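Let's read this one together, going from empty space inside a fold to its cysteines. Bring your questions as we go.

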Amino acid sequence: MQASSELDATCINTIRTLSMDAVQAANSGHPGTPMALAPVAYCLWQHFLRFDPQDPIWPNRDRFVLSAGHASMLLYSLLHLTETKAVSKDYETLGEPSVPLEAIERFRQLDSRCPGHPEYRWTSGVETTTGPLGQGLANSVGMACAGRWMGAHFNQPGFEDLIDFNVYALCGDGCMMEGISAEAASLAGHLGLSSLCWIYDNNRITIEGHTALAFSDDVATRFIGHGWNVTRVGDANDLEMLARAFRTFLRARDRPTLIIVDSHIAYGAPNKQDTSAAHGEPLGEQEVRLTKRTYGWAEDATFHVPDGVYAHFRDGIGKRGKDLRDRWFVRVRDYKAKYPELAEQLYRMQHRQLPDGWDKDIPTFTPDGTGMATRDASGKVLNAIAKNVPWLIGGSADLGPSCKTRLTFDGTGDFLADSPGGRNLHFGIREHAMAAVLNGLALVKVRGYGSTFLIFSDYARGAMRLSALMELPVIYVFTHDSIGVGEDGPTHQPVEHVASLRAIPGLIVLRPADANETAEAWKVIMQLHHEPAVLILTRQAVPTIDRHQYAAASGVAHGAYVLADASDGSPDVLLLASGSEVVLCLEARARLEAQGMKARVVSMPSWELFDDQPQEYRDRVLPPDVTARVSVEQASTFGWAKYVGTTGRCIGMRSFGASAPLKELVKKFGFTPEHVAAAAREQLQRVRRA
Ligand SMILES: Cc1ncc(C[n+]2csc(CCOP(=O)(O)OP(=O)(O)O)c2C)c(N)n1
Ligand SMILES: [Mg+2]
């Protein structure tokens, strides 16, 4: 490789000027970092990244994550100049470019393939959505875990390198400061993820100014402490040193690599280089011209791609990527002949399909007045499903024994540095990284689940929101779902969590009432392709409802269903509940019926699924003319008015909980059959008075 060939410089300056011009045209965005990191990205993409622009979803491609998502123009410029092709939602490569020049000209405008920050599923070649700093780094750890696991599972004698992709992530000071990067780095170091390479843009600038204001970590020492291989490039423009650093990474066998690159934000801008002003605002027309002059660029040319640039990328990453990709598919053909079952698994996994018979071992639970905790039912169902879905893997943030998410059947094992084929992941007490790692798994199409107590979903929320935004079918299992936790007290009793999860668009929240609803919830979840799901489960036992007496649990698929109706099918009052409060409503209903009042109990495990039903179904479950309504849920009442109306009554939590035996808590907070029945009676009186 020629370190300073003119063509290299032209390509690098094309990335820089496209980025400057796009930000200037949009009159918003972040020009400085793409300008500084253009040589780093160029060196990586042109000479190392195993990526085929013609087929940007080839399964064994190296992943490139731009964790510093504000530098999005860097990625868009690369996708444009490498002529990366668009891929349809059905995984078909389309002939058209993913990022045409017009998209760059319309950076940050409505419907442009170049939104403010990179968005997965919107722009082909964008491997994950980034913008919230640190998330991309943690995603990259998940991707590397997925690669590790897939290698252990799919690579076979004669096919030892079928899955061996590397994962590169580019980050800045902001990513380094965010706690999630520390969680993720600690986990990656522990697992010895040698396919992982982070590149840290050490420009010492953030929005408020010099990092001296808020950051003085010795990053190298910190990462050595995390068990990483650390190397340094003193000048972001030194292609030879950059190449050497990447080669050092490629030689690493037992640990991840951090490359610290010293750079100058807005490199080449005479008045803005090394200033925070270059971080998040356009350079200004005049400064753009002056910078172009520094680069030896035509000052009047905008969005200019000089002759030979496309061809140079075609000859570099284009040719190398296509050769690697084509050779890989030839190997897969041979693999298919030799290992047809594994090849079939790989295909289905990549297309988010399930194996035939995936649900055949899901148990049905017999009616039982004592019943079992829904977390226990979930553990049994999860194991029954995982037995038949080999690429369903997951774990817990150190609460596996409580959340019942451990896979216990033969051949599961632990996912560790020296046992990468294990299916039980151990995230350690790192909820935020756990959720982001799950996103990383899902981006590589490994089906992942993670568990903790519902209360600690707060610690994972930043990444959960991105599961939803990226439309990834990640599975969250959150147990200890309410004041049902009892003696642990208000620090461990979720109140606002269910409502706040329901508020995330696209996230399917399920809070099943008993063991059979839990089984049905898992069935729904496994069949989701583009939605993450949260399964909210009890710590304490709840009765297993007699489905001969009451409606079938398969109603869960509709989100809400009539569990027990008024004897004549024409109720005076509706009792709506989810989870552990459903049986409570059955008891209240019996009391009301004994007093001559006709009540219907609606089990409502999932608002999102119910809201998706046709109006006719929703009206059948919640007849509009029955306005006497009571909702019962051991959580914030926020949102229930949508179903009970402004005249209905919500029984729920309006304060934090308390530390006491559950028996006392249900009395204190009104979760007793007497209280629910009394509320229903009041509702009936109100309606009769009206
Ligand atoms: C979680 C999160 N917090 C805050 C922001 C807003 N933000 C965007 S970039 C940035 C500064 C980042 O500094 P650095 O990573 O050093 O990037 P540079 O300016 O060097 O490109 C901030 C605070 C964000 N995107 N994400
Ligand atoms: Mg910085």
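**Cavity and cysteines**

A: Welcome! The largest cavity has a lining made up of Cys145, Leu187, Leu191, Phe415, Leu425, His426, Phe427 and Val437. Keep in mind that this is a predicted model.

Q: How is empty space found, and what is the volume of the largest cavity?
A: In general, rolling a probe the size of a water molecule over the atoms reveals where empty space remains. Here, the volume of the largest cavity is about 50 Å³, and the count of cavities of 30 Å³ or more comes to one.

Q: Which elements each supply at least two residues of that lining?
A: Look at helix 7 (179-191) and strand 12 (424-426); each of them contributes at least two lining residues.

Q: How do the lining residues divide into nonpolar, polar and charged?
A: Seven are nonpolar and one is polar, while no charged residue takes part in the lining of the largest cavity.

Q: Now the cysteines: how many disulfides does the structure hold?
A: A disulfide calls for two cysteine sulfur atoms within 2.5 Å. The structure holds zero disulfides.

Q: Why does cysteine 43 make no bond to the closest cysteine sulfur?
A: The closest cysteine sulfur belongs to cysteine 197 and is 11 Å from that of cysteine 43, so the two are too far apart for a bond. Cysteine 43 is also buried, its relative accessible area being 0%.

Q: And where is the closest cysteine sulfur to that of cysteine 585?
A: That sulfur sits in cysteine 650, 12 Å away, which is too far for a bond. Cysteine 585 is buried, with 0% relative accessible area.

Technical notes
Residues are numbered from 1 along each chain as its sequence is written. Chains are lettered from A and ligands numbered from 1 in the order in which they are written. This is a predicted model: local features need pLDDT of at least 70, side-chain atom pairs count only at pLDDT 80 or more; totals for chains, interfaces and linings use all residues. Side-chain values use heavy atoms; hydrogens and water are left out. On a 1 Å grid over the protein atoms alone, a cavity is a set of points where a 1.4 Å probe fits but cannot get out, and a pocket is an open set with protein on both sides within 12 Å along at least five of seven lines; lining residues have an atom within 4 Å of a point. Grid points are joined across faces, edges and corners, and a volume is the space filled by probe spheres set on the points. Helices (H or I, at least four residues) and strands (E, at least two) are DSSP runs, numbered from the N terminus. Ala, Val, Leu, Ile, Met, Phe, Trp, Tyr, Cys and Pro count as nonpolar, Asp, Glu, Lys and Arg as charged, and the others, Gly among them, as polar. Buried means under 20% relative accessible area, exposed over 50%, partly exposed in between (1.4 Å probe, protein chains only).
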